[in-house]
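Let's take a walk through a protein model together, one stop at a time. Have the structure open beside you and look for each residue as we come to its name.

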Amino acid sequence: MIAKTSVRRAVLVAAALAALTLSCGTTPEPDGPAAGPRATATSGASGPAATTAEPTTAPEADAAASPSGEFAPSSGEKVRDAFATLQATLNDSCAQDCAYFLGRVHKELQELDGAMKADPKGPGHFPEPIEKIAELNKALDGDSSYENLKKHQKLLVGTRDFINTWMQGHPDDYR
């Protein structure tokens, strides 16, 4: 009887741990589920334009806001946090949802720019990344539509990669 009780407890504990692991391990990526299903559901209806409706809405507003400093973190986002979200795009590509990917890289770069400019060390502490983002913004000319981001994809991804490399050489700024 003791053996049956021990086995039942072990099975119960294992089931509880499995359920807990499952519920904790399925956290969706930020904005991933919001853009994914809508893009998938409408992609056959009207082609690329339908897949870009959701992802480009926010970046268009973001691009218009970026010159005025609207991307400056209102919640006190630190450079390390903004850099971490930019790094989260390193393994992504246009393979799955190009509009989402390009819009996200653009958004993360703008937020990092705002965090660097608002950092207590001052924008002079991050001259190269801020300059690269300014070059990107000049090339985009305030247009963050999917078509324009796709046109400047090499510059967009190159800016992200440059900043990643630059920040790796400045670990005190993100650790």
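Start with two cysteines: Cys94 and Cys98 are both buried. A disulfide joins Cys94 to Cys98, with a distance of 1.9 Å from S to S. The link of Cys94 and Cys98 is right-handed, with 55 degrees about the S-S bond. Where do Cys94 and Cys98 sit with respect to the helical turn? Cys94 and Cys98 are four residues apart in helix H5, so about one helical turn separates them. The count for this structure comes to one disulfide.

Now step back and take in the whole chain. Please keep in mind that this is a predicted model. The protein chain has eight helices and zero strands, and reading along the sequence gives the pattern α-α-α-α-α-α-α-α. Of the 175 residues in the protein chain, 36% are buried. If you look at contacts with a separation of 6 or more, 69% of them in the protein chain come from residues 24 or more positions apart.

How confident is the prediction? The mean pLDDT of the protein chain is 71, and 54% of its residues reach 70 or more. Which helix has the lowest confidence, and which the highest? Helix H3, residues 48-65, is lowest with a mean of 38, while H7 is highest at 96. Over residues 20-75, pLDDT stays under 50, and the model has 49 contacts beyond four places in sequence for these residues.

Next, let's go inside. The largest nonpolar core has 26 residues, and those that touch the most other members are Leu102, Leu109 and Leu112. Which elements give two or more residues to this core? They are helix H4 (79-87), helix H5 (94-118), helix H6 (127-140), helix H7 (146-151) and helix H8 (153-168). H5 provides the largest share of this core, with 10 residues. Try selecting Leu112 on your screen: beyond its neighbours within four places in sequence, Leu112 is in contact with Val79, Ala82, Phe83, Leu86 and Ile163.

Stay with helix H5 for a moment, since two other residues there deserve a look. Glu108 has its place in helix H5. Is Glu108 buried or exposed? Its relative accessibility is 5%, which is under the 20% limit, so Glu108 counts as buried. Apart from its neighbours within four places in sequence, Glu108 is in contact with Thr85, Leu86 and Thr89. Leu86 is therefore a name you have met before, as Leu112 is in contact with Leu86. Tyr100 is in helix H5 too, and Tyr100 counts as buried at 16% relative accessibility. Tyr100 and Tyr146 are 46 residues apart in sequence, and their C-alpha atoms are 8.7 Å apart in space.

Rings are our next stop. A search of the whole structure finds one aromatic pair. The rings of Phe126 and Trp166 have centres 6.2 Å apart and planes at 55 degrees, so this pair is tilted. Why does the pair tie together parts that are 40 residues apart in sequence? Phe126 lies in the loop between H5 and H6, whereas Trp166 lies in helix H8, so the pair links parts with that spacing of 40 residues in sequence. Phe126 counts as buried at 1% relative accessibility, and Trp166 counts as buried at 11%. Another ring has a charge for company: the charged end of Lys132 sits over the ring of Phe162, 5.0 Å from its centre.

We finish with two residues in loops. His152 is found in the loop between H7 and H8, and His152 is buried, with a relative accessible area of 15%. Not counting residues up to four places away in sequence, His152 touches Ala139 and Leu140. Asp141 lies in the loop between H6 and H7. Is Asp141 buried or exposed? At 66% relative accessibility, Asp141 counts as exposed. Asp141 also has a positive phi of about 55 degrees, although it is not a glycine. For comparison, most residues other than glycine have a negative phi.

Methods
Residues numbered from 1 in each chain as written. Predicted model: local features only at pLDDT ≥ 70, side-chain atom pairs only at ≥ 80, totals over all residues. Heavy atoms only, no water. Core = buried A, V, L, I, M, F, W, Y, C linked by side-chain atoms within 4.5 Å. Buried < 20%, exposed > 50% of the residue type's maximum accessible area, 1.4 Å probe, protein only. Contact = heavy atoms within 4.5 Å. Phe/Tyr/Trp six-rings, centres within 6.5 Å; stacked < 30°, edge-to-face > 60°. Lys NZ or Arg CZ within 6 Å of the ring centre and 35° of its normal. pLDDT = per-residue confidence, 0-100. Disulfide = S-S within 2.5 Å.
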